[in-house]
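Work through the exercises below with the sequence and the model side by side. Each task is followed by a solution in steps.

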Amino acid sequence: MLALLLLAVTIHEFDVPSADARPHDPAAAPDGALWFTEQKANKLGRLDPRTRTIREFPLTVRDSGPHGLAVDRDGNVWFTANYKGYVGKLDAKTGKVRVFEVGGDPHTPVIDANGVVWFTEQEGNQVGRLDPKTGHVDVRRVPTDQSKPYGMVATREGLFFCEFGSNKLGRIDPATLTITEFVLPDGARPRRLAVAPDGTIYYSDFARGYLGHFDPRSGKFLEEWPSPGGPQSKPYGIAATSDGIVWFSESGVQPNTLVRFDPKAKSFSSTPIPSGGGVVRNMVSTPEGALYLACSGVNKVAIAR
């Protein structure tokens, strides 16, 4: 069993102004802002790390259920309206939202190097592509039934996504929209993905309590390690920083933990999230090496350094 060290990190948490908003996913903007969805409040939020102030942006479509979000190079915020079957584009300067109907239950959005928006549909069992220039939408069904497409990342080898309903990762080719599936260990249920600086992918195995490692170039599973909190630790939100360190949260541990994994030393270190976390469903890293977290059940967002 790998040794567990005490994690030396500072976690600053910030209260979301709207009560019981359920901040679901965070995103890092080019200007350094922390954006987040407020799934139950039907808003998007923006935290300015310098002033520590939060501004909220109400959505015009009632009960949209904003789930995931991503910020493009121009600062526009793209989000998935999980309850109302659309992908939205928020102009942060004006607060106006443009709606792109995609159907189903759009879940996790990703923007690739060409500015194209991709998204998963968990219950719809589909992966979609939205061309921001034309508004055209294409969707493809995942070959495995009830695969529950979940977390997604953009890589040089294409768009990879978790099949939370199976022990597989999927890849959709950006040119042909062909989906290829890759088998992980028996019983695995990958939920979120992180791309490391070397181009490999780490995933949180929610069901078995493992951190997994996958090579998108060869399409092969590489290695896995038991999460420090054990089989019921439910690793969830995950990110990799520019120094190659992998970070994730254990949602099955009370209080939730923030875990650091050093791939070179193959060592773990861990610390409790001050508020308890309330399930950290997703996290992202910034170019400066900070982590942005959404602490859903305690109505906070956080910055870890």
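## Exercise 1: Two positive phi angles

Task: Is L177 buried or exposed? Then compare its setting with that of N125.

Solution. The model is predicted.

Step 1. L177 has a relative accessibility of 6%, so it counts as buried, the cut-off being under 20%.

Step 2. Locate the residue: L177 sits in the loop between β17 (168–172) and β18 (179–183).

Step 3. Look at the backbone. Phi of L177 is near 65 degrees, which is positive although the residue is not glycine. Most residues other than glycine have a negative phi.

Step 4. Turn to N125, whose phi is near 60 degrees, again a positive value in a residue other than glycine. N125 belongs to the loop between β12 (117–121) and β13 (126–130). Its relative accessible area is 2%, so N125 is buried.

## Exercise 2: The chain as a whole

Task: How many helices and strands does the chain have, and how does its radius of gyration compare with the globule rule?

Solution.

Step 1. The count gives zero helices and 29 strands.

Step 2. The radius of gyration is 18 Å, and the globule rule gives 19 Å for 305 residues. The two values are close, so the chain is as compact as a globular protein of that length.

Step 3. For the dimensions, take the principal axes: the C-alpha trace spans about 50 × 45 × 30 Å along them.

Step 4. Of the 305 residues, 56% are buried. The exposed surface of the chain comes to about 12,600 Å², with 48% of it supplied by carbon and sulfur atoms.

Step 5. Among contacts with a separation of 6 or more, 41% join residues 24 or more positions apart.

Step 6. For the charges, there are 35 positive and 34 negative side chains. The centres of these two sets are 2 Å apart.

## Exercise 3: Aromatic pairs

Task: Which kind of aromatic pair do F79 and Y86 form, and which parts of the chain does the pair of Y150 and Y236 tie together?

Solution.

Step 1. The structure holds 14 aromatic pairs. In the pair of F79 and Y86, the centres are 5.9 Å apart and the planes meet at 75 degrees. An angle over 60 degrees counts as edge-to-face, so this pair is edge-to-face.

Step 2. Check the burial of both partners. F79 is buried at a relative accessible area of 0%, and Y86 is buried at 2%.

Step 3. Y150 and Y236 form a tilted pair, with 6.5 Å from centre to centre and 50 degrees between the planes. Y150 is in strand β15 (residues 149–155) and Y236 is in strand β23 (residues 235–240), so the pair ties together parts 86 residues apart in sequence.

Step 4. Y150 is buried at 3% relative accessibility, and Y236 is buried at 2%.

Step 5. Ring pairs also link a cluster made of Y202, W225, F248, F261 and F268.

## Exercise 4: A cis bond and its loop

Task: Where is P255 found, and what does N256 contact?

Solution.

Step 1. P255 is in the loop between β24 (246–250) and β25 (257–262).

Step 2. The peptide bond from Q254 to P255 is cis, and its omega is near -5 degrees. Most peptide bonds are trans.

Step 3. N256 is in the loop between β24 and β25. With a relative accessible area of 1%, N256 is buried.

Step 4. Beyond four places in sequence, the contacts of N256 include S249, T271, P272, G276 and V280.

## Exercise 5: Two loop residues

Task: Is V142 buried or exposed, and is K96 buried or exposed?

Solution.

Step 1. V142 lies in the loop between β14 (137–141) and β15. Its relative accessible area is 2%, so V142 is buried.

Step 2. Not counting residues up to four places away, V142 touches several residues, among them N125, F161 and I179.

Step 3. K96 lies in the loop between β9 (86–90) and β10 (97–101). At 62% relative accessibility, K96 counts as exposed.

Step 4. Leaving aside neighbours within four places in sequence, K96 is in contact with K89, L90 and D91.

Definitions and conventions: Residues numbered from 1 in each chain as written. Predicted model: local features only at pLDDT ≥ 70, side-chain atom pairs only at ≥ 80, totals over all residues. Heavy atoms only, no water. Helix = DSSP H or I, 4+ residues; strand = E, 2+ residues; numbered from the N terminus. Rg over C-alpha atoms; globule rule 2.2 N^0.38 Å. Buried < 20%, exposed > 50% of the residue type's maximum accessible area, 1.4 Å probe, protein only. Contact = heavy atoms within 4.5 Å. Areas by Shrake-Rupley, 256 points an atom, 1.4 Å probe, with all protein chains shown as cover. Lys, Arg positive; Asp, Glu negative; His and termini not counted. Charge placed at Lys NZ, Arg CZ, Asp CG, Glu CD. Phe/Tyr/Trp six-rings, centres within 6.5 Å; stacked < 30°, edge-to-face > 60°.
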